[in-house]
Amino acid sequence: MNDYARSWEQEKKKCNNVILIGFMGSGKSSVGYRLSYALKRSLCDTDSLIERREGRKISKIFEEEGEQYFRDLETATLKRMIEKQEYRRCILSLGGGTPLREENRKLLKQLGTVYYLRVTPEMVWERLRGDTTRPLLQTEDPQRTIRELLSKRDPIYMEAADVVIECSGKEQDEIVEFIRKKTVEK
Ligand code: S3P
């Protein structure tokens, strides 16, 4: 291991979080909730943190300030998490777009082990059909938007991930147990 890789590993150990990434509707929040119970670790949801700090819903932030503003808030949130001791050994559930920025992917490497909950466009559509809370899916043809966004993002999620979990055909229990085991084995 070279020095860079070694210091990276040390940083990771310092924060030691379990990080869930993936597309909207991939189950990050519900897997995170159950994992936090199974591992007795606190759950932090970056979207909720942002909403609380801003005092308004994500959809309002998009509407009033635009997407870039929201993306800056995501980066600021990750930076704050690295600095603050309260974000150690937590379960972090991230907004679906957070890993898109290269800067954020680097921050994630410092924050812990990144699990990518990989889903198919069909699974997302089944779960989010009729949803009104995701601004990016309020299009004329949300099914198509899901397909296009997911195929663009999948390679980025793959790059950001330490562990990829194929969710298709798996019960949520199985996913939770898989991550739990990996975490306690470390
Ligand atoms: C987004 C995903 C959402 C939320 C925002 C943008 C995205 O979070 O952060 O609407 O770009 O994929 P969830 O993944 O929890 O739905």
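Strand β4 is mostly covered in this predicted model, with six of its seven residues buried. The strand spans residues 112–118 and pairs on both flanks. Five bridges connect β4 with β1, and the two strands run parallel. Two of the facing pairs can be named: Val18 stands opposite Thr113, and Leu20 has Tyr115 as its bridge partner. Towards β5, four bridges are found, again in a parallel arrangement. In this pairing, Arg118 stands opposite Glu166.

These pairings belong to an open sheet of five strands, ordered β2-β3-β1-β4-β5 and paired in parallel. The edge positions are taken by β2 (43–45) and β5, each of which pairs on one side only. From one strand to the next, the twist averages 25°. Strands of a sheet pair through backbone hydrogen bonds, in either a parallel or an antiparallel manner.

The edge strand β5 comprises residues 163–166, and its side chains alternate. Val163 and Ile165 point to one face and are buried, whereas Val164 and Glu166 point to the other face and are not buried. Glu166, the residue facing Arg118 of β4, is thus on the face of β5 where the side chains are not buried. Helix α8, made up of residues 142–160, lies across β1, β4 and β5. The helix runs at about 150° to β4.

Beyond β5, Cys167 is located in the loop that leads from this strand to α9. Cys167 has a relative accessible area of 2% and is therefore classed as buried, the limit being under 20%. Apart from neighbours within four places in sequence, Cys167 is in contact with Leu117, Arg118, Val119, Met123 and Ile175. Among these, Arg118 is the β4 residue that stands opposite Glu166. The C-alpha atoms of Cys167 and Gly27 are 9.1 Å apart, although 140 residues separate the two in sequence.

Helix α9 covers residues 172–185 and includes Thr183. With a relative accessible area of 11%, Thr183 falls under the 20% limit and so counts as buried. When residues up to four places away in sequence are set aside, Thr183 touches Val18, Leu39, Arg41 and Tyr115. Of these, Val18 is the residue that stands opposite Thr113 of β4, and Tyr115 is the bridge partner of Leu20.

Thr183 also contributes to the lining of the largest cavity, together with Asn16, Asn17, Val18, Thr113, Tyr115 and Lys186. Two elements, β1 (17–21) and β4 (112–118), give two or more residues to this lining. By class, the lining residues divide into two nonpolar, four polar and one charged. The space in this cavity amounts to about 40 Å³, and the structure holds one cavity of 30 Å³ or more.

Two of the cavity-lining residues, Asn16 and Asn17, are also contacts of Arg89. Arg89 is found in the loop between α5 and β3 (91–93). Its relative accessibility is 47%, between the limits of 20% and 50%, and Arg89 therefore counts as partly exposed. Leaving aside neighbours within four places in sequence, the contacts of Arg89 are Cys15, Asn16, Asn17 and Arg41. Arg41 is in contact with Thr183 as well. Arg89 and Ser36 lie 53 residues apart along the chain, with 10 Å between their C-alpha atoms.

Besides the cavity, the model contains pockets, of which the largest has a volume of about 570 Å³. This pocket is lined by 30 residues, and those closest to its centre are Met24, Asp47, Ile58, Gly95 and Arg134. Helices α2 (28–39), α3 (46–54), α4 (58–65) and α5 (67–83) each supply at least two residues of the lining. The greatest contribution comes from α3, which gives four residues. The lining is made up of eight nonpolar, 13 polar and nine charged residues.

How values were computed:
Residues numbered from 1 in each chain as written. Predicted model: local features only at pLDDT ≥ 70, side-chain atom pairs only at ≥ 80, totals over all residues. Heavy atoms only, no water. 1 Å grid on protein atoms, 1.4 Å probe; cavity = no way out; pocket = protein on both sides within 12 Å on 5 of 7 lines; lining within 4 Å. Points joined across faces, edges and corners; volume = space filled by probe spheres on them. Nonpolar A, V, L, I, M, F, W, Y, C, P; charged D, E, K, R; others polar. Buried < 20%, exposed > 50% of the residue type's maximum accessible area, 1.4 Å probe, protein only. Pairing = 2+ DSSP bridges. Axes fitted to C-alpha atoms, helices over the stretch in contact; angles between N-to-C directions. Contact = heavy atoms within 4.5 Å.
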